[in-house]
Amino acid sequence: MGKILQLLLRNGGFVTLVLVEAFCFFIIVQFNEKQNAIFTHTAGLFAGRMLERRQQFSDYIGLKDRIDSLTNVNAQLQTDLANARIVKFPHRDTSFIALFDSLNRTDSVRRKVMRPLYEYYTATVIGNSISSANNWLMINRGSADHIAPNMAVVTNNGIIGIVRHVDDHFSMVMSVLHRQTKISAALTKYNAFGSLIWEGGDPSVMTLKYIPKHFDVKVGDEVVTSGFSQMFPRKLLVGHVDGDIGQDPENPYFLIMKVRLSQDMATVGDVYVVRNLFQPEQDSLQVKVRNEQ
Amino acid sequence: MNNKFFPNFWRFFGLVAVQVLLLKQLTVSLGAYFNILLYPLFIFLLPTQLATPYVVLLGFSVGLTVDFFYASIGVHASAGAFAGFFRFLLFSAFAPKGGYSGKEPIFSPAHMGWSLYLQVSAWFFLAHLFWYFSVDDFTIVYFGTVTLKTIAGWVLTMIFVWLYTAMFNPKN
């Protein structure tokens, strides 16, 4: 007690005052109903505000996780959307099975006939080139994430490329801006399909070939994936006819035209890798046909 | 020792008795706005050369004693402690040349003159009352009420300060 008193004396009256007032504050709140009620109310308000601030902070910190979660949900929705477009619908009293776009059907019909065809996986582009003659992208998903060669890579805005080489945790994607790229695409207006290639140069423009010449193609016509390539689901937006519509010099029965891509290849970030669940089956069938040609 | 101790000892009990037996009843009959708090005069009249921490602790003690009679544990104690520290600031501001010596054992009219005594004690009681009403209301919401109570209480208290000093003319 004597030591405490000496300490207080050495440090002056102000320290004594602060200590005594702190003790007074404690006993006032403890022994007086009115002050206790005011303190409790004020402390409640303060604690509420602090909790709100903490919640806002943790919300902000958790944004990355929420974005990842939403991207996964989006991938699931893309899967559902792609699968909803490709369904097999048995004709009554026949053994024929026809393909229908179930988005034009009622939900009850869709539920009966839907069969999953695609799965979407999320990925992020960690390497990209657009200025070479043959361009590649690297994504942060590999075989450990169910990625395999020949899977399509797309975004919400358009198509990106095809997975070619896969490591455990990373994959190399052959960009659509590659000389070997050949994707089956169709003009939405006529449902006429052709082949989409890149001839180099402008990274925002590709060339659509093998559209039969009797179609009256106009600048601005929408180009989508045909669904015949087995890698890309049907009706994914590719771009719009940009011009140079004319007779293909290599094959006079077909048209050739430039297509402006809907996805800017210079700004690719988050992508989806599309797995065709029946690709092995389809491939083995095609091999049989190839052997008979 | 006895010269300094006993006058303050009796002043402690005398002022606390007047406060709880007389002035408390007077406040009850006059209303909440007419609160007369004379007991801080004990703090004010403590020896001028007493170290501030002692004054703060004695202010706390007299306040806590009054609190037991007012059923307001801590409120008067807080105001008393604050008044003890504020006294140090006031006395420093109004100190005679060369500081306080044996010639001014306490800050009373007998040593400092009536004018200076009333002037300094007026500030002292104003600060004490303001602190007391602030702690009593315990929120800044009632700042206007606190100010009004302080002014009303201060006017009445100063009358009793003058009466007490004129009657007893404390010298030690």
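Let me start with strand β8 of chain A, residues 183–187, which pairs in the antiparallel sense with strand β11 of chain A, residues 222–225, over three bridges. Within that pairing, Leu187(A) stands opposite Val223(A) in β11(A). Please keep in mind throughout that this is a predicted model.

The pairing belongs to a wider arrangement in chain A, where six strands close into a barrel in the order β8-β9-β10-β13-β12-β11, with antiparallel pairing. From one strand to the next, the twist averages 45°. As general background, strands of a sheet pair through backbone hydrogen bonds, either parallel or antiparallel.

Staying with chain A, I turn to Val163(A), whose place is in strand β6, residues 159–166. Is Val163(A) buried or exposed? It has 25 C-beta neighbours inside 10 Å, and because the cut-off for a buried residue is 20 or more, Val163(A) counts as buried. Once neighbours within four places in sequence are left aside, the residues in contact with Val163(A) include Ile147(A), Ala148(A), Pro149(A), Asn150(A) and Met151(A), and also Val153(A), Ser171(A), Val173(A) and Val273(A). Take Ala148(A) from that list: Val163(A) and Ala148(A) are 15 residues apart in sequence, and their C-alpha atoms are 7.0 Å apart in space.

Now to the contact between the chains, which takes 19 residues from chain B and 16 residues from chain A. On the side of chain B that touches chain A, α3 (52–70) and α4 (75–93) each supply at least two residues. Which helix gives the most to that side? That is α4(B), with seven residues. By residue class, the side of chain B that touches chain A divides into 14 nonpolar, five polar and no charged residues.

Finally, within chain B, helix α6, residues 114–137, packs against helix α7, residues 143–168, at an angle of about 140°, with the axes 9 Å apart. Why do we call this pair oblique? Angles over 145 degrees would count as roughly antiparallel and those from 65 to 115 as roughly perpendicular, so at about 140° α6(B) and α7(B) are oblique to each other. The crossing in which α6(B) passes α7(B) is right-handed. Among the residues that meet are Phe125(B), Leu129(B), Phe130(B) and Phe133(B) on the α6(B) side, and Val146(B), Trp154(B), Met158(B) and Val161(B) on the α7(B) side. Taken together, the residues of this contact between α6(B) and α7(B) divide into 10 nonpolar, six polar and two charged.

Conventions. Residues are numbered from 1 along each chain as its sequence is written. Chains are lettered from A and ligands numbered from 1 in the order in which they are written. This is a predicted model: local features need pLDDT of at least 70, side-chain atom pairs count only at pLDDT 80 or more; totals for chains, interfaces and linings use all residues. Axes are lines fitted to C-alpha atoms, for helices over the stretch in contact, and angles run from 0 to 180 degrees between N-to-C directions. Helices (H or I, at least four residues) and strands (E, at least two) are DSSP runs, numbered from the N terminus. Angles under 35 degrees count as roughly parallel, over 145 as roughly antiparallel, 65 to 115 as roughly perpendicular and the rest as oblique. A crossing is left-handed if the near helix is turned anticlockwise from the far one by less than a right angle, and right-handed if clockwise. Two residues are in contact if their C-beta atoms, placed from the backbone, lie within 7 Å. Ala, Val, Leu, Ile, Met, Phe, Trp, Tyr, Cys and Pro count as nonpolar, Asp, Glu, Lys and Arg as charged, and the others, Gly among them, as polar. A residue is buried if 20 or more other C-beta atoms lie within 10 Å of its own, exposed if 12 or fewer, and partly exposed in between; C-beta atoms are placed from the backbone. Two strands pair if DSSP finds at least two bridges between them.
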